[in-house]
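Work through the exercises below with the sequence and the coordinates open beside you. Each task is followed by a solution that proceeds in steps.

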Amino acid sequence: PFCRCFLGDDRLADFFHYRAKDHVGKIYTGTIEADSLQAAGRALHHRGLYITNLEAAKNFRAKEIWQYCFGKGVSLRELSLFCGQVAALLEAGMPLQETLHIMQAQQQNKRLRQAVQMVLTKIESGIALKDALSYPGTIFPENMIFAVSAGEASGNLDFVLQELAGYFESAAETKEKLLSMMLYPAILCGLTIFTGGFIVLYIFPAFAALFKEMQIALPWPTRFFLYVQQEAGGLGIIFLFVFFGGGFFLQQLWQKKAGRLFIDHWCFKIPLYGRFLYWKCTMEIARMLALLLHSGLPLENSLMILRKSFANQYMAACLELAEQNLESGRSLSDAFGATGMFDAMFLQFLRIGENSGDLEGMLKKSADFYVMDLKRFSERILTLAEPVAIIFMGSIIGTLVFSVVLPVFDAMTAMH
């Protein structure tokens with residue numbers, strides 16, 4: 001999929017700014033993701049909107065990039081709690097509209113409360129639940145919308161919502177594990193940089209004159225840090241130029257379809273993080289695919305929904321290739337194996353599920369398997385991160401202190 005993108009078969013979605021109104025004249029503005037301008041127009045018409053302006057988002061703003069990467073103001077745990085509570089009320093026999101009234105009244109998150117209110121308004125006006133959830137202004141992910149639609153059609157809406165609650169809870173736990181893996185080393189590295197900068201900029205100048213008067217040969221670490229201290233202004237300008245220039249370059253790269261694919265593909269190659277990301281993506285694929293199949297959706301439609309809702313564009317491209325392989329007559333395990341992305345363990349789970357006729361059950365077991373892998377991996381990384389970060393911090397600070405003390409010690413030895 002990575003090569004196909006650069007060879008011209010670039011099918012990743014793009015972003016379009018729109019301005020539209022509904023049948024009562026209410027104005028909606030925002031950004032929609034679609035394969036083309038025509039596809040964006042069809043999606044808006046499907047939502048019951050009349051387009052007044054639709055154009056490609058050539059300058060994708062930082063705010064929209066932040067929302068695309070980190071969500072739209074509602075956490076995964078809040079979505080999990082929402083789905084679980086709605087499922088419990090529906091299972092108890094409460095009508096959907098009354099359930100949404102209760103959920104809207106008790107929501108603490110403003111964005112979620114507004115989204116539930118909009119869904120409730122659309123349902124009361126006669127719009128189907130699927131269309132209400134996907135209406136502009138709501139914040140529900142696409143895989144949730146399709147799963148709810150299939151659950152409603154099959155009469156298993158409460159079960160689907162309960163499974164979605166488990167899916168979002170598992171995704172939230174995985175995200176928190178990733179943050180935990182990165183937080184402690186990041187804090188120690190930040191403290192190291194701050195402490196080192198303070199020593200170089202404020203401690204070294206006090207000793208620089210002393211070293212000059214003593215006229216002794218300085219060791220290379222001391223000469224290096226004295227050079228850094230003397231050239232701090234110029235080096236700072238270079239650092240700021242590289243930092244902001246690199247950020248601007250990445251922003252421009254992110255706006256391109258091929259650039260997003262390149263970045264997402266490169267993420268899988270980062271040591272340690274790449275393995276964690278692969279297990280996370282595979283776990284999400286297995287769990288959501290099992291949920292969509294249980295909802296009554298055909299396998300081909302489930303793969304299509306999964307591909308469109310996947311955040312990592314390289315994995316989405318792999319799912320698209322698997323979808324094409326499946327349409328050509330291959331089995332699901334062969335279709336996934338031909339992408340070259342998935343490991344032998346996951347493919348074996350798929351083969352067992354196909355041969356036994358319990359694909360849904362084996363997908364759930366594979367998801368549980370990768371959840372355990374993620375748990376063990378994150379615990380191992382957290383265990384190793386503390387001593388490694390402490391050694392790194394100690395070596396940097398120790399080198400700085402050594403650079404100050406060694407010349408003083410040499411001078412005292414020479415005097416004696």
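The exercises that follow begin with model confidence and then turn to helix packing and to links across the chain.

**Exercise 1. Confidence**

State what the mean pLDDT of the chain is, and find where pLDDT stays under 50.

Solution. The model is predicted, and the mean pLDDT of its chain is 77, with 86% of the residues reaching 70 or more. Residues 1-13 have a pLDDT below 50, and this stretch nevertheless has 32 contacts in the model beyond near neighbours in sequence. Over residues 59-72 the pLDDT likewise stays under 50, and here the model has 24 contacts beyond four places in sequence.

**Exercise 2. H4 and H5**

Determine how H4 and H5 are oriented to each other, and which residues meet.

Solution. Begin with the geometry: the axes of H4 and helix H5 (residues 96-106) are 10 Å apart, and the helices pack at an angle of about 140°. Angles over 145 degrees would count as roughly antiparallel, and H4 and H5 are therefore oblique to each other. The next step is the handedness, and H4 passes H5 in a right-handed crossing. Turning to the residues, Phe82, Gln85, Val86, Leu89 and Leu90 of H4 meet a set in H5 made up of Leu96, Thr99, Leu100, Ile102, Met103 and Gln106. Sorted by class, this contact of H4 with H5 holds 8 nonpolar and 3 polar residues, with no charged residues.

**Exercise 3. H5 and H6**

Determine at what angle the axes of H5 and H6 cross, and how the residues of the contact divide by class.

Solution. The axes of H5 and helix H6 (residues 110-124) cross at roughly 155° and come within 9 Å. That angle makes H5 roughly antiparallel to H6, and the crossing of the two is left-handed. On the H5 side the contact is made by Leu96, Gln97, Leu100, His101 and Gln104, while H6 supplies Arg113, Val116, Gln117, Val119, Leu120, Ile123 and Glu124. By class, the contact of H5 with H6 comprises 6 nonpolar, 4 polar and 2 charged residues.

**Exercise 4. H14 and H15**

Describe how H14 and H15 pack, and which residues they bring into contact.

Solution. Helix H14 (residues 299-309) packs with helix H15 (residues 313-327) at an angle of about 165°, the axes being 9 Å apart. H14 and H15 are therefore roughly antiparallel to each other, and H14 passes H15 in a left-handed crossing. From H14, Leu299, Glu300, Leu303, Met304, Leu306 and Arg307 meet Ala316, Leu319, Glu320, Glu323 and Leu326 of H15. The residues of this contact of H14 with H15 divide into 7 nonpolar and 4 charged, with no polar ones.

**Exercise 5. Links across the chain**

Find how many salt bridges the whole structure has, which residue forms one with Arg77, and which residues Pro185 is in contact with.

Solution. Searching the whole structure gives 7 salt bridges, one of them between Arg77 and Glu176, whose closest N and O atoms are 2.7 Å apart. This pair links distant parts of the chain, since Arg77 belongs to helix H4 (residues 76-91) and Glu176 to helix H9 (residues 157-214), 99 residues apart. Pro185 also lies in helix H9, and its C-alpha atom is separated by 9.3 Å from that of Leu382, 197 residues apart along the chain. Setting aside its neighbours within four places in sequence, Pro185 is in contact with Ala385 and Ala389.

How values were computed
Residues numbered from 1 in each chain as written. Predicted model: local features only at pLDDT ≥ 70, side-chain atom pairs only at ≥ 80, totals over all residues. Heavy atoms only, no water. pLDDT = per-residue confidence, 0-100. Contact = heavy atoms within 4.5 Å. Axes fitted to C-alpha atoms, helices over the stretch in contact; angles between N-to-C directions. Helix = DSSP H or I, 4+ residues; strand = E, 2+ residues; numbered from the N terminus. Parallel < 35°, antiparallel > 145°, perpendicular 65-115°, else oblique. Left-handed = near helix turned anticlockwise from the far one by under 90°. Nonpolar A, V, L, I, M, F, W, Y, C, P; charged D, E, K, R; others polar. Salt bridge = Lys/Arg side-chain N within 4 Å of Asp/Glu carboxyl O.
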